[in-house]
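Here is a short tour for anyone who would like to know how this chain packs together. Keep the structure open as you read.

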Amino acid sequence: MPGQFSLRVYELALSIPPGRVTTYGAIAKAAGGGAMASRSITSILSKAPNPRAIPWHRIVYAGGKVWMSPEYEKLRNKLYKREGIKLNDRGYIIDFDEIFYDFSELN
């Protein structure tokens with residue numbers, strides 16, 4: 001059974017609104033984790049009760065860098081286009097600061 005931190009990580013990931021993005025670090029912080037907790041977010045989310053429900057495309061690296069694997073690039077770009085999220089040619093989200101979701105809206 002997942003611990004409280006993991007359950008909070010799942011809840012937070014599912015709460016990211018369409019058209020917004022957040023970072024692994026923001027999820028870790030909002031879930032109550034320390035500075036290194038962001039490194040565990042991908043592992044925690046991969047063990048979620050329904051990992052397909054996680055909006056993976058809305059979780060990016062610090063500064064808006066997008067992890068883009070050839071396997072998921074087409075799908076990720078399709079989802080970004082649908083939500084109005086734009087990337088520059090270096091793989092960073094354009095207007096990252098404006099669409100960044102820090103979970104303060106949940107409180």
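The notes below cover the cores, one helix and a surface patch.

## Two nonpolar cores

Please bear in mind that this is a predicted model. Its largest nonpolar core has 19 residues. Within that core, Val9, Ile27, Ile41, Leu45, Ile54, Ile59 and Phe103 touch the most other members. Helix H1 (4–14), helix H2 (24–30) and helix H3 (41–46) each supply at least two residues of the core.

Ile54 is a good place to zoom in. Leaving aside residues up to four places away in sequence, Ile54 touches Ala13, Leu14, Leu45, Ala48 and Ile59. Apart from the largest core lies another core, of eight residues, which include Val21, Val60, Val66 and Tyr80.

## The two sides of helix H4

Which residues of H4 are buried? They are Arg76, Leu79, Tyr80 and Glu83. Viewed down the axis of H4, these buried residues fall within an arc of 100°, so they line one face of the helix. As background, an α-helix has 3.6 residues a turn, so residues three or four places apart point the same way.

The buried residues of H4 pack against strand S2 (59–60). On the other side of H4, Lys74, Lys78, Lys81 and Arg82 are exposed. Just after the helix, Gly84 takes a positive phi of about 75°.

## A nonpolar patch on the surface

Now turn to the outside: Tyr61, Trp67, Tyr72 and Leu75 make a nonpolar surface patch of about 410 Å². Leu75 belongs to helix H4 (residues 73–83). With a relative accessible area of 45%, Leu75 is partly exposed.

Definitions and conventions:
Residues are numbered from 1 along each chain as its sequence is written. This is a predicted model: local features need pLDDT of at least 70, side-chain atom pairs count only at pLDDT 80 or more; totals for chains, interfaces and linings use all residues. Side-chain values use heavy atoms; hydrogens and water are left out. A nonpolar core is a set of buried Ala, Val, Leu, Ile, Met, Phe, Trp, Tyr and Cys residues joined through side-chain atoms within 4.5 Å. Buried means under 20% relative accessible area, exposed over 50%, partly exposed in between (1.4 Å probe, protein chains only). Helices (H or I, at least four residues) and strands (E, at least two) are DSSP runs, numbered from the N terminus. Contact means heavy atoms within 4.5 Å. Patches are made of residues with over 30% relative accessible area and no salt bridge: like charges are joined within 9 Å, nonpolar side chains (Val, Leu, Ile, Met, Phe, Trp, Tyr) within 5 Å. Accessible areas come from the Shrake-Rupley method with a 1.4 Å probe; for residues, only the protein chains shown count as cover. A salt bridge is a side-chain nitrogen of Lys or Arg within 4 Å of a carboxyl oxygen of Asp or Glu. The arc is that of the directions from the helix axis to the C-beta atoms.
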